Amino acid sequence: MVHYSQTGQLDDVAKAVVSPLVQSDLCDVSFLNIQPVKAYPFPWPFVRFLNSFPEAVYEKGCDIKPIPDEIFQDYDLIVLGYQVWFLAPSNPITEFLHSDAAERLMRDKPVVTVIACRNMWLQAQERVKAHLQRMNAELVGNIALTDEGGAGYSFLSTPLWMWTGKKGPFAFGIPKAGVSEEEIGNSSRFGDALLSYVSEKRPLDDKVFRGLGAVKINVNQIASEKIATRSFKIWGKLFLKCGGQEVFLRKVLVFAYAAFLITLICTVVPINYVVKRLLAPFMKASNEKLKLYYAAPSGESVDKL
């Protein structure tokens with residue numbers, strides 16, 4: 001189980017997912033907690049929060065502590081748990097994926113990815129899939145747990161959580177941020193599914209989480225993610241040309257970008273959403289293909305719950 005969590009939520013999810021395997025005499029589970037040399041603060045100050053997006057978007061990563069030698073074994077499965085930062089894997093996980101250690105651990109292995117985030121994770125998963133393909137690792141399952149407040153409320157509750165360290169609920173009816181405790185607890189069902197393969201001595205395949213409601217795809221968010229990613233890359237290039245995160249000009253740019261981002265979210269994203277809804281009857285077939293693609297390999301079905 002490879003994981004990194006700034007808030008602790010992803011750690012809870014990771015432990016819940018593999019708990020049936022940990023408790024079974026049939027399995028031996030190792031945990032690799034990726035640790036940055038310079039820890040990311042939590043709560044995350046506003047300026048440092050936004051000033052971190054260029055490195056995330058351009059996969060610059062960060063310095064991480066050395067991986068202990070005893071972790072390098074011939075595992076039957078690698079479970080990779082990660083957060084999404086600015087529609088990309090978090091910087092510590094990105095650094096790990098670029099490392100020789102990841103190559104040693106994951107090459108030619110079956111891999112399960114576990115995501116805990118606000119609601120947008122498709123573009124981040126595409127990046128992870130590219131790394132897995134480079135290492136000839138086989139993605140046999142993906143689990144994506146998202147904020148219990150939904151896309152609308154979490155747009156407010158998640159930043160409040162990041163900047164204050166408090167999950168809420170907040171004033172004016174803003175609900176609690178993060179994945180619900182119930183959903184985290186219920187994620188042990190994925191460990192049960194993995195354990196059934198182990199106990200029956202079946203080779204792991206992409207059907208392991210089918211029917212367990214591992215992911216849920218909102219096709220209306222696909223275009224929004226692509227628009228936001230394009231924006232992050234354009235502005236991120238400008239930030240990176242200014243130098244490191246401590247450069248004063250970058251801190252000034254943070255406020256300019258924050259104003260731009262708010263404008264984008266309040267104008268382009270809603271317009272795109274409305275257009276998508278209006279065109280939905282004419283795009284049913286293409287939308288179904290998109291849903292199948294992004295839901296793979298676990299799928300959206302819940303018939304085994």
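User: In this predicted model, what makes strands β1 and β3 count as paired, and in which sense do they run?

Analyst: Strand β1, residues 2-3, and β3 are joined by 2 bridges in the parallel sense. The criterion asks for at least two bridges found by DSSP, so 2 bridges satisfy it. One of the residues concerned is H3, whose bridge partner in β3 is G81.

User: How many bridges join β3 to strand β6, and what does the cut-off make of them?

Analyst: Strand β6, residues 110-117, runs parallel to β3 and is joined to it by 5 bridges. As at least two are required, these strands also pair. V79 has V112 as its bridge partner in β6.

User: Why is strand β3 described as largely enclosed by the rest of the structure?

Analyst: In β3, residues 78-82, 5 of the 5 residues are buried, and the strand is therefore largely enclosed. Side chains in a regular strand alternate between the two faces of the sheet. Here both faces are covered, with I78, L80 and Y82 buried on one side and V79 and G81 buried on the other.

User: Why is R127 called buried?

Analyst: The relative accessibility of R127 is 16%. Buried means under 20%, so R127 meets the cut-off. This arginine lies in helix α6, residues 122-134. Setting aside residues up to four places away in sequence, its contacts include A56, V57, L87, P89 and K233.

User: What makes the approach of the R127 side chain to V57 a polar contact?

Analyst: The side chain of R127 reaches the backbone oxygen of V57 at 2.7 Å. The limit for such a pair is 3.5 Å, and the distance of 2.7 Å is within it.

User: How many disulfides are counted, and where is the nearest cysteine sulfur to C117?

Analyst: The count is 0 disulfides. C117 is in none, for the nearest cysteine sulfur, that of C62, is 19 Å away, whereas a disulfide requires the two sulfur atoms to be within 2.5 Å. C117 has 9% relative accessibility and is therefore classed as buried, the cut-off being under 20%.

User: How do you know that the length of helix α9 agrees with expectation?

Analyst: Helix α9, residues 188-199, has 12 residues, which at 1.5 Å a residue should span 16 Å. The end C-alpha atoms are 16 Å apart, so the two values agree.

User: Which residues of α9 are buried, and against what do they pack?

Analyst: The buried residues of α9 are R189, F190, G191, A193, L194, L195 and Y197. They pack against α1 (9-23), β7 (138-146) and α8 (181-186). Just after α9, K201 adopts a positive phi of about 55°.

How values were computed: Residues numbered from 1 in each chain as written. Predicted model: local features only at pLDDT ≥ 70, side-chain atom pairs only at ≥ 80, totals over all residues. Heavy atoms only, no water. Buried < 20%, exposed > 50% of the residue type's maximum accessible area, 1.4 Å probe, protein only. Helix = DSSP H or I, 4+ residues; strand = E, 2+ residues; numbered from the N terminus. Polar contact = N/O pair within 3.5 Å; in protein donor to acceptor, adjacent residues only side chain to side chain. Contact = heavy atoms within 4.5 Å. Expected span 1.5 Å × (residues − 1).
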